Amino acid sequence: MRLTNHGRLIAKNRPVHFTFNGKRMRGYRGDTLASALLANDQILLGRSFKYHRPRGLVASGAEEPNALVELGRGDRQEPNHRVTQVELIDGLVARSQNHWPSLEFDVGVINSKLSRFLPAGFYYKTFIQPRAFWKHVYEPIIRKSAGLGAAPETADDHSYEHFNITVDVLVIGGGISGLAATLAAARAGARVLLVEQTAAWGGRATVDQPRIDGQDAQDWIDDTLAALATMPNVTLRNRTQGAGVYDHGYALCNEQLTDHLTQSDGPRQRLWRVRAGQIITATGAIERPLSFAYNDVPGVLMASALRDYVVNYGVAVGERTVLVTNNDDAYRTAIALVDAGLSVPAVLDARAVAGGELVERARARGIRVETGKAIAAVQGGKRVTGVRVCDQVGDGTVTEEIACDCVAMSGGWSPVVHLWSHCGGKLIWDDTQAMFRPDPNRPPLGADGAGFVRAAGTANGHLYTAESVADGFAAGKQAARALGFDKKVGAVPQGDCAVEDPMEPVWLMPANASYDKRAKMWLDYQNDVKVTDVQLAAQEGFESVEHAKRYTTLGMATDQGKLSNINGLATLAASLDKAIPEVGTTTFRPPYTPLPLAAITGVARDHLFQPVRKTPIYDWHDDNGADFEPVGQWRRPYAYPRGSETVHDAVMREVTNTRENVGLLDASTLGKLIVKGPDAGKFLDMMYTNMMSNLAVGKCRYGLMCSENGFLIDDGVVARIDDDTWLCHTTTGGADRIHAHMEDWLQCEWWDWQVYVANVTEQYAQFAVVGPKARRLLQTIGGMTLTKDALPFMQWTEGRLGDFDARVFRISFSGELSYEVAVPASQGPAFWDALLAAGEPLGVMPYGTEALHIMRAEKGFIMIGDETDGTVIPQDLNLHWAISKKKTDFLGKRGQLRDHMQDPGRWKLVGLETLDGSVLADGAYAPEDGANANGQRRVQGRVTSTYHSPTLGRGIAMGLVRNGPNRMGEVITFTKEGGGTQDARIVDPVFYDKDGEKQNV
Amino acid sequence: MLILNCPYCGRDVDETDLHAGGEAHLKRFGPGSSDDEFEHYLFMRENPKGVHFERWRHVYGCGKWFLAARNTATLQVYGTYSAQTTEPPQHILDAIKEAQA
Amino acid sequence: MDTSAKRSLLKRYSAFAVAREAFRQHTGWTRAWGQAEPKSQYDVIVVGAGGHGLATAYYLGKNFGITNVAVLEKGWLGGGNTGRNTTIIRSNYLQDPSAAIYEKSRSLYETMSQDLNYNVMFSPRGVMMLAQTQHEIRGYQRTAHANSLQGVTTEWISPERVKELCPIMNIDGPRYPVLGALWQARGGTARHDAVAWGYARACADMGMDIIQQCEVTGVQTNGGKVTGVSTTRGDIKCNKLAMVVAGHASVLAQKAGFQLPIESVALQALVSEPIKPCMDVVVMANTVHGYLSQSDKGEMVIGGGTDGYNNYTQRGSFHHIEETVRALVETFPILGRLKMLRQWGGIVDVTGDRSPILSATPVEGVFVNCGWGTGGFKAIPGSGWAMAELVAKGHSPLTEEFTMHRFRHGKFIDESVAAGVAH
């Protein structure tokens, strides 16, 4: 219900309309969805995960476990939003989740009636028989009833962005301690980024209004913000959550940019990727629930949350609120309620004595304070109707019943230590305040071995204003000093607030509650973990906190146990008769609250998903119908289908045309490495299996590269450019890899050799002009003489070709007369056009990678990645001719001497042709008789590449076969896709132009 | 997300600009070495939980390889140094000793 | 024998037992595994109470009758990679030795719940490995052929079938269209913690000691043969020692005086918030480095690649998470509107060929099981089965090729050859 004259954050002159489950409701600008729902008396907001119990709001911030809704429609529908963190805007559409058929009537609630049959871990003990039932019966039912919101059906329509920033000090949390920390660090001279997850600055102090430096807290906050805004070394960001802290000062902050706006065009969220010298976590504290029976009935909520709703938004949960507490702070809620004209029939204080300043203030307002009292049970189903009162000491004998429609509870406070802990910060147990707080002696350590995170304020265990604001200021100063900023920071802000009596830990209410009561005390609201569940875990030996958590699912819900962890730990510790610190905590992992995957993705999606590498004539390919295939980051034309032609038909046409006329291939992606220097020849002799130092200037040689393990890793043609310069061609995928490989050996092994390597792959457009009419085509363009005598096979030359600066290599990967022409990248498109124009009368056609593969296979040339797979050595491929016998050493030589590499039984390269002309299956294996010790069929070979050859009009293949070269003519059997077998004859792998006459014309 | 100082650039460099290259100071064994030596060189690794001498390349930067002494249990970096050394230099060993004192 | 059989009958888990306990406030449940004090001597000590270690102990008892066994754990059982992985189970490996041990493992998963009397929720919902390049097509087709001869049931499926099995996938690219997939219908997932707990309970039932909070600080030998271990809870003698400690294998090997051909790196994973069921298969996409399934709770479980540097911190670098998430949002556009609930890391040990080591060692009586890299969970039962045989008999056909010295002979078991396959 909405209170008149209350609500410091709402603008009552700006009404806002929204819907919840289709029901039209009204709120104000400044409301959260949570406060607006309360204003509309919508107390029931969701259903719990396991028992589908009715649930309402428990909290007012990021820790809310119950009130999760689905927001938006269509392309913007999103499940699992916490209503406490949603700023209300006009036209907002919210729906509750995890119920069927409706929120009011959910059949899943039957689980609640059966809860005694569903204790912690029950599914490990049941659904075991019969075997097939898990997958087909039990699991589908469990899956259907689990899960919270519905899965979205389309991609997100919003945009997201990333922002990188380096700062000296990152302060997370814009409450009074975070502000004080920022002020001190900034005055000292550090560059500071301060982030606050909500829209408003000042944290809890704005609700409780203590005094700082003689002012009301709000005034101090306003003044401080104004001062910070004028400092050029300070960046302030509200609606920005510190999500995670990572090694060496890396942090993620996520900024909400548009969700609070009705109209907006820009990105929805901005993920700040921060590198900070020091990080201050001023993340506040979270109030803990109390464990009493039926503490999950809608209308039971945290005392501080209720205070937030009343003070900030002018809304209340009910008319009559019973407050139950173990500390003084909660009395602020009772006072706020009474001051707002609401009724507080009683404060039940579990402590034997309560006499602090706040308690006295409450008494002075006529509020009935009962000490030593507890709640025996909450009454009501979908809404609180009253409480049964008992003594805290004892088993819960009811002394009184009080009618009420709201229960506010407070079990003390827990510092938010998540961000302190993400990167290894340790905690200590504070017995007085019954909480874990950061251990200043064991912070997360940075690259220099020193701590780089400091906790400040309430997050550091300082719950009172004076200590909190001073601690924040000190943290800011120390962080700046640690980074060498030593300007004066001025006086420490002086805070002032009520003096409180000590709290008294209460982990079970009443202290000797019976099993039936404990079975109705919720620890984890969302996952439905109760006190008895944790006790059962302990009873069954799940003593480690990690075991208990995983066995019961405590703290594993979307709130990650922000409310439940400490209560669960205390329950476990009591069950094991251990002290809480002995039991320890589970590990805190990023993010602090769930982080949208779209925010992590940023702009890197769709066409920006990964960079595309483009050759100089990529656009021509695209414009001319190329069917692309990804090759590394490149997209290369696979073929160029024309009209209604299939891709396969296009490939066949391209092969035939190249063999009969002339074809063009964009070979620009091939790696081009310049290796230069007095020791370049010596170096290349180590890199390649064959000799490169003795290659004559002007000549080309095919070379093989192996890893130190002996495996073949790359191949390509090497050209000697001048006395101390070689140009090494690599495979498309190999360019960067082989360049790095060379640098590695040069820098880390042979660092005294005088060699320089440059990767010039993208500086050239390189085209293969291939086919019987290739020379005629180039001669049409004119310039260089490219006759057989002027440029023999395996030589290169350079000069002008028409209007172009060209380097021409007479090399062939297809067995045809072939030139590879490199021109500067900028001349690539014009040169390509010139080739097409000159070739038109000759029937020139471009061809793609698949035609290239077929033509090389017809010639029996190996392909890295097909014939090799990382386990093949050159000897397997009968490439002994390319392995120098003269050299004492090259990379891979020692590796190839190992006994398995020398095994005569290794599979060797052969050609394969089917008896019926059909195509062997890709990747087919050749089984032989018998099975190995593990019952697997023995094999004797496999297909490495297989194609339909349009030139030969039948299937051709290469493969590796045991003892293959000695079995020419033998027919062996291969597997077929989908079953069956196919026979093939072992033949010479050179299927076409065995004598190599065509390439040498 | 580590930061290492590239000794060539003199700059603190983000891990995303670097490429990790495994254990440093391995002595290469080529033809003529024993099976033991070759196996040790190419495969056996210290893999310590503690101080690790390792190779890094400033791949999206100057392109140089360098070496680092880094703790694999705490991620503390004791120092970085030239790749053209066969053993850790004294100032690195001193830094490690000092940090562990 | 009689009494223990009777005891375990009373302790049997079933719906009936749960119902019985429901009416007496669940007071009848006893400890799933005992709280053992170390004895002075065991026939076999297994170091490491993760899935692999517990499974090793279990099959030592079940298959070889060796029950004087202690499983030592420095932390809490199942607290390492067993409880940190993305729970994928498959056996569609290329190389014979891999396919043999992973298929053995997968088949043991089929009956594990009944065998252990503990519901490990093995869900053979099917695993598909997407081909998004021509190279991957050939690699996976090759694997399908190899599998057909290895007794592993897999098939190559079309993009249309992929879409049918996983409607939320965008198979049309734009950058990496799905060109098909290798499909293993009987692959799937299981509940990781339950696997460790189920084995632990079964081991304890056989009278074995599972000793948590007990770190091995030294390995004692005499004349090159193991005699026992020193621990934080005193010295314990043994005839044989099995080291099954995943990421920490090098550290333990060093204590026994030898090195291993492995390095330890961080592998990260994450889960989204739970949503209603939208995906009933496991998808692995290696071109973009990511894998994905939906847990029974409704969370999308996502795994990615490893860091490049040696690391024992169980934390990794966020840019790997970014890469993985980007890749999966590209392939599954609806994921963009889900939120990352939690990310974490585990320490995996990686060998020179990315395949595991199950091997005798230079110290007589010491056996090592490590190097599972990113793929250990699926191997738990098979690894335990094989390791038990190796420890009990000194050899096993399943472990024969996985020796620690295979690299010395150049005898790799390289799975990355198929298509850069992540495990």
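Which residues of chain A are linked in a network of salt bridges? In this predicted model, the network joins A:R204, A:D208, A:R307, A:D308, A:D329, A:R332 and A:E500. A search of the whole structure finds 89 salt bridges over all chains, and a few individual pairs show how such contacts are placed along the chain and relative to the surface.

One of these pairs is A:R237 with A:E255, whose closest N and O atoms are 3.2 Å apart. The two residues belong to distant parts of the chain, since A:R237 sits in strand β12 (residues 234-237) and A:E255 in strand β14 (residues 250-256), 18 residues apart. Their surroundings can be compared through relative accessibility: A:R237, at 26%, counts as partly exposed, whereas A:E255, at 7%, counts as buried, because buried means under 20% relative accessible area.

A pair within a single helix is formed by A:K549 and A:E546, whose side chains meet in a salt bridge with an N to O distance of 3.8 Å. Both residues lie in helix α15 (residues 545-552) of chain A, where they are three residues apart, about one turn of the helix. Both A:K549 and A:E546 are buried.

In chain C, a salt bridge connects C:K339 with C:E273, and the closest N and O atoms are 3.6 Å apart. This pair links distant parts of the chain, with C:K339 in strand β16 (residues 339-351) and C:E273 in the loop between β12 (262-272) and β13 (282-285), 66 residues apart. C:K339 and C:E273 are both buried.

How values were computed. Residues are numbered from 1 along each chain as its sequence is written. Chains are lettered from A and ligands numbered from 1 in the order in which they are written. This is a predicted model: local features need pLDDT of at least 70, side-chain atom pairs count only at pLDDT 80 or more; totals for chains, interfaces and linings use all residues. Side-chain values use heavy atoms; hydrogens and water are left out. A salt bridge is a side-chain nitrogen of Lys or Arg within 4 Å of a carboxyl oxygen of Asp or Glu. Helices (H or I, at least four residues) and strands (E, at least two) are DSSP runs, numbered from the N terminus. Buried means under 20% relative accessible area, exposed over 50%, partly exposed in between (1.4 Å probe, protein chains only).
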